[in-house]
Amino acid sequence: MNIYDIAKEAGVSISTVSRVMNNKGNVNAATRKKVEAILDKHDYTPSAIARGMVSKTMKTVAVLTVDIRVPHYARTVYTIEREFSHRGYEVAICNTGGELEETAKYLKTMLEKKVDGIVLVGSIFNTLCKKDEIGNMIKNTPVVLANGKLELPNSYSVLVDDRYGVSLAVEHLLKRGHLDMYYLKDMDTVSARLKSEGFIKALESHGVSDAKQYVIDTDRSIGGGIEAVEKLIAENKKFTAIVCGEDITATGAVKAALRAGLRVPEDVAVTGYNNSEYARICEPCLTTIDNKPEMVAMMSVQLLTSLIEQTDVYSSCVIQPELVEGKTT
């Protein structure tokens, strides 16, 4: 049984059945009652594809992220899904691992399902979308990148100023007399590189020459923070502060300092980034940078909805992070 059969049995047009199902006006009360009775009799549920063909929209969006287990991504994706759901959209969430092949696979699947738009969550998509196989795939679909910038047609961005965010942490530490500090660069993404640049520029603006030497590469994990700080101590490096690109890495840095008999923040200060649960679980609780994932999510939804429905004037935007002072500085 399809919409054509319903229309035939009711003796009305397909458009009339559609208006009844979508609770639109301009339908005679008696006719509406007759159609509704036939729909109930056959327990008719219209297919999403059929509705999409009539309305020119599937009311479905895809959200691609790197790793839903990461608290920052989880907060962003959760807010995106909830807000789209409130707006009447269905949301497909795809976990890509930040890999090119997985991203291409999910995009192909979502586009075959005729999604109305796509939200990409994670600055790694800055790099992936420069690949021809990805760029060509999404060039005709509305796309919003959360925390990144796309140079593609029909694509817009909600960008967090991560360079500025880390500079806030550096300025905060400098005001407390810390000049000997290191930065733990724990990822290799556009966002991570901007954070590193923010650290270097902030130090250089205060007369520290060759600030790049104070950037250490490590893993984004508690273990990565522990390993980096233990190495600094073993090599007798002079430092009174550690700036981290992620809260989870900063938690490891605090743990390593305390294990070595250092007092936090009296002997060494530590800052994180993301204002995540790790910042509050850490003891003492972290001073961190709030990069406002919920705001990023809300702006991404608003922007993509405007692109899909063509209801508002839309443009990319930049969000400014804020420092949240804890007990580690």
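In this predicted model, a good place to begin is with helix α1, residues 3-10, and helix α2, residues 14-21, whose axes come within 9 Å and cross at roughly 105°. Since an angle of 65 to 115 degrees counts as roughly perpendicular, α1 and α2 are therefore described as roughly perpendicular to each other. On the side of α1 the contact is made by Ile3, Tyr4, Ile6 and Ala7, while α2 contributes Ile14, Val17, Ser18 and Met21. Sorted by character, the residues of this contact divide into 7 nonpolar and 1 polar, with no charged residue. In general, two packed helices are described by the angle between their axes and by the distance between the axes.

Staying with α2, one finds that Thr16, Val17, Ser18 and Val20 are buried. Just after α2 comes asparagine 23, which takes a positive phi of about 55°.

From this pair of helices we can step back to the whole protein, which has 14 helices and 12 strands. Its radius of gyration is 26 Å, whereas a compact globule of 329 residues would have one near 20 Å, and along its principal axes the C-alpha trace spans about 85 × 40 × 35 Å. Buried residues make up 50% of the 329 residues, and the accessible surface comes to about 16,300 Å², of which 49% belongs to carbon and sulfur atoms. If we consider the contacts between residues at least 6 apart in sequence, 70% of them join residues at least 24 apart.

Two single residues further along the chain show how such descriptions apply to one position. Threonine 251 lies in helix α12, which covers residues 247-259. Because buried means under 20% relative accessible area, threonine 251, at 12% relative accessibility, counts as buried. Leaving aside neighbours within four places in sequence, threonine 251 is in contact with Tyr278, Cys282 and Leu286.

Aspartate 267, by contrast, is found in the loop between α12 and β9, the latter being residues 269-271. With a relative accessible area of 28%, aspartate 267 is partly exposed, because that term covers values between the 20% limit for buried and the 50% limit for exposed. When residues up to four places away in sequence are not counted, aspartate 267 touches Thr240, Gly261 and Leu262. Aspartate 267 can also be compared with alanine 241, since the two are 26 residues apart in sequence and 8.4 Å apart in space, C-alpha to C-alpha.

Notes
Residues numbered from 1 in each chain as written. Predicted model: local features only at pLDDT ≥ 70, side-chain atom pairs only at ≥ 80, totals over all residues. Heavy atoms only, no water. Axes fitted to C-alpha atoms, helices over the stretch in contact; angles between N-to-C directions. Helix = DSSP H or I, 4+ residues; strand = E, 2+ residues; numbered from the N terminus. Parallel < 35°, antiparallel > 145°, perpendicular 65-115°, else oblique. Contact = heavy atoms within 4.5 Å. Nonpolar A, V, L, I, M, F, W, Y, C, P; charged D, E, K, R; others polar. Buried < 20%, exposed > 50% of the residue type's maximum accessible area, 1.4 Å probe, protein only. Rg over C-alpha atoms; globule rule 2.2 N^0.38 Å. Areas by Shrake-Rupley, 256 points an atom, 1.4 Å probe, with all protein chains shown as cover.
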